[in-house]
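The following exercises are to be worked through with the sequence and the three-dimensional model at hand. Each task is followed by a stepwise solution.

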Amino acid sequence: MTSSQPTLVRIETQDLSKAKPGKPSRPISGHTTYKTLESFSAMGGQLSSGVWEATAGAFRSHCAGYVEFCHIVEGSCRVVDPDGTIHSFGAGDSFVLPEGFAGHWEVDERVKKVFFITQTTSLHK
């Protein structure tokens with residue numbers, strides 16, 4: 001018997017063997033690579049969650065059309081506001097990148113985060 005009831009979604013942070021590889025589209029320095037493993041998607045892709053891991057480097061971030069909640073599970077990084085304010089994060093820290101945020105990330109060795117993204121473009125229609 002199959003159930004049509006929603007079930008809990010576990011976000012696996014250790015096994016990223018099925019993660020999609022990539023590189024930042026707006027690098028600043030270094031040779032950063034990343035892996036993204038989406039664990040959850042709903043509302044036609046308007047909501048998504050999963051794990052993202054990046055190697056050392058610096059790269060720009062622009063949250064155009066979405067809000068992102070981040071929780072660092074391993075490693076550390078700095079996220080720099082457009083005005084130059086530096087925010088340091090390590091395992092256990094959480095933060096939100098609001099819609100329109102246009103700063104950059106600095107990773108010295110490696111960082112892994114759990115993310116939850118809400119697309120906002122359809123909310124403005």
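**Exercise 1.** Determine whether F69 is buried, partly exposed or exposed, and identify the surface patch to which F69 contributes.

*Solution.* Step 1: the relative accessible area of F69 is 39%. Step 2: buried means under 20% relative accessible area, exposed over 50%, and partly exposed in between (1.4 Å probe, protein chains only); F69 is therefore partly exposed. The areas come from the Shrake-Rupley method with a 1.4 Å probe, and for residues only the protein chains shown count as cover. Step 3: F69, which is found in strand β5, makes a nonpolar surface patch of about 250 Å² with V96 and F116. Patches consist of residues with over 30% relative accessible area and no salt bridge, like charges being joined within 9 Å and nonpolar side chains (Val, Leu, Ile, Met, Phe, Trp, Tyr) within 5 Å. Strands (E, at least two residues) and helices (H or I, at least four) are DSSP runs numbered from the N terminus.

Two conventions apply throughout. Residues are numbered from 1 along each chain as its sequence is written, and side-chain values use heavy atoms, with hydrogens and water left out. The model is predicted: local features need pLDDT of at least 70, side-chain atom pairs count only at pLDDT 80 or more, and totals for chains, interfaces and linings use all residues.

**Exercise 2.** Explain why the disulfide count is what it is, using C70 and C77.

*Solution.* Step 1: a disulfide is a pair of cysteine sulfur atoms within 2.5 Å. Step 2: the cysteine sulfur closest to that of C70 belongs to C63, at 7.7 Å, which is too far for a bond. Step 3: for C77 the closest cysteine sulfur is in C70, at 8.2 Å, again too far for a bond. Step 4: the count comes to zero disulfides. As to burial, C70 has a relative accessible area of 0% and C77 one of 3%; C70 is buried, and C77 is buried.

**Exercise 3.** Which parts of the chain are tied together by the salt bridge between E68 and K113, and by that between R110 and E74?

*Solution.* Step 1: a salt bridge is a side-chain nitrogen of Lys or Arg within 4 Å of a carboxyl oxygen of Asp or Glu, and the structure holds six. Step 2: E68 and K113 meet at 2.6 Å, N to O. E68 lies in strand β5 (residues 66-80) and K113 in strand β8 (residues 102-119), so the pair ties together parts 45 residues apart in sequence. Both residues, E68 and K113, are buried. Step 3: R110 pairs with E74, their closest N and O atoms being 2.6 Å apart. Because R110 lies in β8 and E74 in β5, this pair ties together parts 36 residues apart in sequence. R110 is partly exposed, at 34% relative accessible area.

**Exercise 4.** Which residues touch the most other members of the largest nonpolar core, and which elements give two or more residues to this core?

*Solution.* Step 1: a nonpolar core is a set of buried Ala, Val, Leu, Ile, Met, Phe, Trp, Tyr and Cys residues joined through side-chain atoms within 4.5 Å. Step 2: the largest core has 18 residues, of which W52, C77, V79, F95, L97, W105 and V111 touch the most other members. Step 3: the elements giving two or more residues are β4 (47-62), β5, β7 (94-97) and β8. Step 4: a second, separate core of five residues includes L16, L37, V51 and V114.
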